[in-house]
Amino acid sequence: MAYDLEKENKEILARYKDLIANTYRTLDEDQNKLIRKAFDIALDAHKDQRRKTGEPYIYHPIEVAKIVANEIGLGATSIACALLHDVIEDSEYTYEDIKKIFGKKIADIVNGLTKISVMNNQNISIQSENYRKLLLTLSEDFRVILIKIADRLHNMRTLESMRPDKQQKIASETVYIYAPMAHRLGLYNIKSELEDLSLKYNNPEVYNEIVSKLELAKESRDKYIQEFKKEVSEQLKEEGLNFKIKGRAKAISSIYRKMMKQNVTFEEVFDNYAIRIIYKSDAKNEKFLAWKIYSIVTDLYRSNPSRMRDWISQPRSTGYESLHLTVMGPDKKWIEVQIRSERMDEIAEKGVAAHYRYKEGYKNSDDQNFDRWVTEIREVLEQQQDLSTSELLDNIKLNLYSKEVFVFTPKGEIKILPTGATALDFAFAVHSDLGMKCLGAKVNGKLVPISYVLQNGDQVDILSSQNQKPKSDWLDFVVTSKAKSKIKTILNSEKNTRTTEGKEILQRKMRHAKLNFNDEEINKLQKFLNLKTSQDVFLGFQDGTYDIGDLRRYLEGRSLFSNILQRFRKSPTSKVNIENDTQAQDLDLIVFGKDEEKLNYSFAKCCTVIPGDKIFGFITISEGIKVHNDNCPNAINLRANYDYRVLVAKWVNAESFKNRIQIEIEGLDRMGMINDITAVISNSMEMDMKSMSIASNDGIFTGTINLEVRNRNQLDETFRQLKNINGVNKVKRLVK
């Protein structure tokens with residue numbers, strides 16, 4: 001392919017100038033020289049490389065650096081590292097080269113970014129190790145994770161050029177790991193965009209529908225915001241306040257979660273947008289002015305006290321501060337109003353990075369909170385070598401996403417713990433030794449067991465004994481990662497010693513068998529022996545359960561999933577046997593992989609699949625290939641953790657297959673409604689209606705109908721015609 005190199009060089013220079021347009025006002029001459037030097041090295045390192053789109057690769061690090069500078073708000077060192085973030089991984093430049101040119105600090109950050117770069121087609125154990133490295137590197141320099149999040153954000157913004165299956169794998173991984181990290185670091189805008197983009201590729205139909213409806217509602221939303229601003233601004237100006245008011249639509253992913261959680265349509269989600277009042281203030285008057293504005297707004301509009309959130313008196317552990325209230329606005333609809341100072345707004349927009357900017361001017365606990373969290377993460381990971389990957393990710397996600405309770409020590413110091421934390425979790429939060437020796441607790445002066453679930457405002461005094469030791473049932477009620485890891489460390493100390501011995505034994509035996517001793521080979525051996533974890537493999541060789549003979553058997557059939565595929569590969573004359581509620585049919589409906597092979601398969605029970613649905617295959621250990629709907633509730637987890645076992649699947653002969661589904665219909669009851677519904681289903685669409693259940697209450701009817709459909713097009717047309725019936729306001733498919 002021919003490229004216009006002169007035009008590309010002009011574009012590269014224009015993008016670089018756009019990057020540095022703002023830095024000259026905030027950085028000194030030496031810092032801007034550092035950024036220029038990093039750009040020159042990156043340009044040289046990537047000079048012969050191109051992205052999937054065909055664009056010069058250097059576009060990517062420039063855009064990542066823009067996100068780091070403008071959307072996260074980091075300084076010259078971070079901008080330089082963003083420009084260099086792929087240099088060690090993708091070019092001949094080494095860590096020593098970067099260290100020699102830029103010094104140890106920048107070289108270490110770039111090296112950290114290289115170590116945690118998530119490679120394609122990794123199995124779950126390798127993903128876990130990358131995630132562990134990611135968090136351990138964070139504990140050394142938090143800029144590594146911030147730049148990594150910026151890198152992922154730009155990759156998500158340019159995901160169109162990837163194959164659909166790769167898009168879904170990356171999108172699933174993003175919502176599983178990177179969005180929670182952005183949330184925990186206070187990068188709420190970036191977190192929302194990552195979740196929105198993940199939804200765009202994981203569930204494009206829903207995403208596009210919400211985008212379309214938000215666009216249709218934009219004119220009325222803008223009109224409403226102007227009316228609100230006019231009424232509130234007059235009152236605020238009378239008080240001499242310096243402020244600005246802006247409105248914003250809620251994140252698409254947030255709207256979708258509410259639709260799913262509350263089982264409502266888009267139109268029934270009442271707070272699709274929010275209004276934010278941002279005011280100027282010095283440090284002394286910040287809280288006073290926030291509550292003054294709150295008083296003015298609630299004088300104008302009736303508030304909903306149950307939805308009031310005071311994150312100013314008690315900021316979140318991320319440093320987030322704001323007053324949230326919900327009021328009955330000018331159009332008599334509930335709307336969320338957020339009140340925050342310019343400082344609070346920057347911290348809300350740019351998270352951890354903004355904390356350090358305000359470190360000298362505002363003496364609050366933001367930095368201590370972040371440092372405390374980093375310390376806890378490091379302690380957790382250092383003690384969790386024996387955790388399965390799923391446990392590791394689930395534990396970390398729990399502490400990233402969970403809501404929090406605020407409790408007090410006997411001296412009145414605040415401890416922040418996840419909702420559901422117990423007295424024992426509190427003991428470990430104070431000190432690991434106190435947790436190990438915990439007998440019970442006094443909460444608000446009353447004796448309680450160590451399993452007592454803490455509530456906001458509790459004052460906790462731990463009772464301990466030198467004779468107390470951790471017990472296995474403690475793991476049943478502790479929720480913090482620190483408590484779990486410390487308990488498991490003691491309980492598994494002997495097991496860990498045996499594991500180390502087994503690992504050394506296996507390493508020697510694999511060397512004799514001429515096998516590589518690495519994560520990938522151990523994972524394959526683990527699956528061959530049908531064991532749950534690699535630790536079980538090491539223990540098996542330590543106690544003599546397995547020996548060199550098992551390694552020889554493994555060598556004979558070492559590619560387990562290739563063997564599974566071979567086992568389910570069909571001969572030219574064989575047919576797939578598919579069972580449904582009516583009869584077994586010999587049909588070749590689905591082909592798999594790039595070569596569109598015919599393989600034996602069955603449908604997963606966790607979701608409903610009808611011909612025409614977007615689908616994928618998943619190779620199970622003992623039940624062959626299972627076909628899932630793309631919208632299956634387990635799809636994101638399977639793609640994020642087991643992508644190497646996911647197969648591209650395609651329909652071949654959908655027209656001749658019938659599948660039973662269930663739909664829900666709702667509307668205004670009237671004479672002849674049932675006849676109109678059955679006329680569409682039986683006469684117009686010629687569908688087989690297996691059963692119908694209709695109930696009416698105060699003029700509103702709801703019903704469920706069981707149908708047999710041939711394909712997705714028939715179902716979509718049926719939905720369209722049903723929605724056009726006079727009085728019908730909702731038709732939806734029920735997922736079994």
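A patch of negative charge lies on the surface of this predicted model, where Glu-227, Glu-231, Glu-234, Glu-238 and Asp-331 gather. One member of the patch, Glu-231, sits in helix H14, which covers residues 218-238. Glu-231 counts as partly exposed because its relative accessibility is 30%, between the 20% limit for buried and the 50% limit for exposed residues.

Stepping back to the whole chain helps to place such details. The secondary structure comes to 31 helices and 21 strands. The chain has 736 residues, and 50% of them are buried. About 36,000 Å² of the chain is exposed, with carbon and sulfur atoms supplying 47% of that area. Among contacts between residues at least 6 apart in sequence, 67% join residues at least 24 apart.

A look at a single buried residue comes next. His-46 is found in the loop between helix H3 (29-45) and helix H4 (59-72). With a relative accessibility of 2%, His-46 falls under the 20% limit and therefore counts as buried. Leaving aside residues up to four places away in sequence, His-46 touches Tyr-57, Ile-58, Pro-61, Asp-86, Val-87 and Asp-90.

Charged pairs are another theme of the model. Side chains of opposite charge can pair when their charged atoms come close. A search of the whole structure finds 35 salt bridges. One of them joins Lys-200 to Glu-160, with the closest N and O atoms 4.0 Å apart. This pair links distant parts of the chain, 40 residues apart: Lys-200 belongs to helix H12 (residues 188-202), while Glu-160 lies in the loop between helix H10 (143-157) and helix H11 (164-184). Lys-200 is partly exposed, at 26% relative accessibility.

A salt bridge also forms between Lys-292 and Glu-239, whose closest N and O atoms are 3.1 Å apart. Here the partners are 53 residues apart, with Lys-292 in helix H16 (residues 286-300) and Glu-239 in the loop between H14 and strand S1 (243-249). Lys-292 is partly exposed at 26%, and Glu-239 is partly exposed at 41%.

Strands come into the picture with Lys-650 and Glu-596, whose side chains meet in a salt bridge at 3.0 Å, N to O. Lys-650 is in strand S17 (residues 646-651) and Glu-596 is in the loop between strand S13 (590-592) and strand S14 (601-603), so that the pair links parts of the chain 54 residues apart. Lys-650 has 44% relative accessibility and Glu-596 has 41%; both count as partly exposed. Finally, Glu-11, Arg-15, Asp-18, Glu-63 and Lys-66 are joined into one network by salt bridges that share partners.

Note on methods: Residues are numbered from 1 along each chain as its sequence is written. This is a predicted model: local features need pLDDT of at least 70, side-chain atom pairs count only at pLDDT 80 or more; totals for chains, interfaces and linings use all residues. Side-chain values use heavy atoms; hydrogens and water are left out. Patches are made of residues with over 30% relative accessible area and no salt bridge: like charges are joined within 9 Å, nonpolar side chains (Val, Leu, Ile, Met, Phe, Trp, Tyr) within 5 Å. Accessible areas come from the Shrake-Rupley method with a 1.4 Å probe; for residues, only the protein chains shown count as cover. Lys and Arg count as positive and Asp and Glu as negative; His and the chain ends are not counted. The place of a charge is taken as NZ of Lys, CZ of Arg, CG of Asp or CD of Glu. Helices (H or I, at least four residues) and strands (E, at least two) are DSSP runs, numbered from the N terminus. Buried means under 20% relative accessible area, exposed over 50%, partly exposed in between (1.4 Å probe, protein chains only). Contact means heavy atoms within 4.5 Å.
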